[in-house]
Amino acid sequence: MKKTAIIFGSTTGNAETVAEKIAEKLINNDVTLIEVSKLKSTDFDDYQNLILGTSTWGLGDLQDDWDGKLSVLENSNLNGKTIAFFGTGDSSSYPDTFVDGMGILYETVSGKGANLVGQFPADGYSYDASRAEIDGHFAGVAIDEDNESNLTDERLDQWIASFKSILND
């Protein structure tokens, strides 16, 4: 069984809650939760599958704990790894930068030889712009715990179903 790390940055706890829900839904997989603030440079090397998550702050900023670790991600050998993304944001208060942090993570790993999975349809969300949107899809699942928490489990289930079988291929 391939090892999966869910690496997340969370300030208010929303991204952490989502990371924990993802881990619960991947119960039959070998999953480790890692707060990005506690990340070791070797952690990206130790796992074949990475699920990277973050909240978005201010006007489209990456969550603070990721700032110090983004260079570690940039300099890691991601060739052949399977990577999925999740992002939390507030589409009502910040409709112009909804889940931009997830977009920053996506941009950081694009073109580094990884198998990027879990793109999620942008239909059904209310926002104006997002750095995480690519051709009508988000780079991963977008979660709005502030305004649409009633949709979180449904969105996570749909998102995980799109790539779960790939995690152990």
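Start by selecting α5, a helix that is mostly covered: eight of its 10 residues are buried. Keep in mind as you click around that this is a predicted model. Colour the buried ones in α5 and you should have Asp100, Gly101, Met102, Gly103, Ile104, Leu105, Thr108 and Val109.

Now look at what sits on either side of the helix. Just after α5 comes Gly111, with a positive phi of about 80°. In the loop between β5 and α5, pick Val99. Val99 has a positive phi of about 50° although it is not a glycine. Most residues other than glycine have a negative phi. Is Val99 buried or exposed? Val99 is buried, with a relative accessible area of 1%.

For a second case, jump to the loop between β8 and β9 and click Asp135. Asp135 isn't a glycine either, yet its phi is positive, near 50°. Here the surroundings are another story: Asp135 is exposed, with a relative accessible area of 76%.

**Rings that meet**

Go back to α5 and show the side chains of Tyr106 and Phe85. Their rings form an edge-to-face pair, 5.8 Å centre to centre with 70° between the planes. Why does this pair tie together parts that are 21 residues apart in sequence? Because Phe85 lies in strand β5 (residues 82-88), while Tyr106 lies in helix α5 (residues 100-109). Try a surface view too: Phe85 is buried, and its relative accessible area is 0%.

Next, select Tyr125 and Phe138. The ring centres of Tyr125 and Phe138 are 5.0 Å apart and the planes stand at 80°, so this pair is edge-to-face. Tyr125 sits in the loop between β7 (120-121) and β8 (133-134) and Phe138 in strand β9 (residues 137-138), so the pair links parts 13 residues apart in sequence. Both Tyr125 and Phe138 are buried.

Leave those two on screen and add Phe98, Phe120 and Tyr127. Ring pairs join Phe98, Phe120, Tyr125, Tyr127 and Phe138 into a cluster. Across the model, the count comes to eight aromatic pairs.

**Charges over rings**

Stay on Tyr125 and show Arg155. The charged end of Arg155 sits over the ring of Tyr125, 3.8 Å from its centre. You can find another such arrangement at Lys3, whose charged end sits over the ring of Tyr47, 4.9 Å from the ring centre.

**Into the core**

In soluble globular proteins, nonpolar side chains tend to be buried together. To see that here, select Ile7, Ile22, Leu52, Phe86, Phe138 and Trp159: of the 49 residues in the largest nonpolar core, these touch the most other members. Elements that give two or more residues to this core include β1 (3-9), β5, α5 and α6 (152-161). Which element gives the most? That's α1, with five residues.

**Last stop: the largest pocket**

The largest pocket holds about 240 Å³ of space. To find its centre, select Thr56, Trp57, Gly89, Asp90 and Asp146, which are the closest to it of the 17 lining residues. Then highlight α1 (14-25) and β3 (49-57), since each supplies at least two residues of the lining. The largest share, three residues, comes from β3. Finally, colour the lining by class and you'll get six nonpolar, eight polar and three charged residues.

Notes. Residues numbered from 1 in each chain as written. Heavy atoms only, no water. 1 Å grid on protein atoms, 1.4 Å probe; cavity = no way out; pocket = protein on both sides within 12 Å on 5 of 7 lines; lining within 4 Å. Points joined across faces, edges and corners; volume = space filled by probe spheres on them. Helix = DSSP H or I, 4+ residues; strand = E, 2+ residues; numbered from the N terminus. Nonpolar A, V, L, I, M, F, W, Y, C, P; charged D, E, K, R; others polar. Phe/Tyr/Trp six-rings, centres within 6.5 Å; stacked < 30°, edge-to-face > 60°. Buried < 20%, exposed > 50% of the residue type's maximum accessible area, 1.4 Å probe, protein only. Lys NZ or Arg CZ within 6 Å of the ring centre and 35° of its normal. Core = buried A, V, L, I, M, F, W, Y, C linked by side-chain atoms within 4.5 Å.
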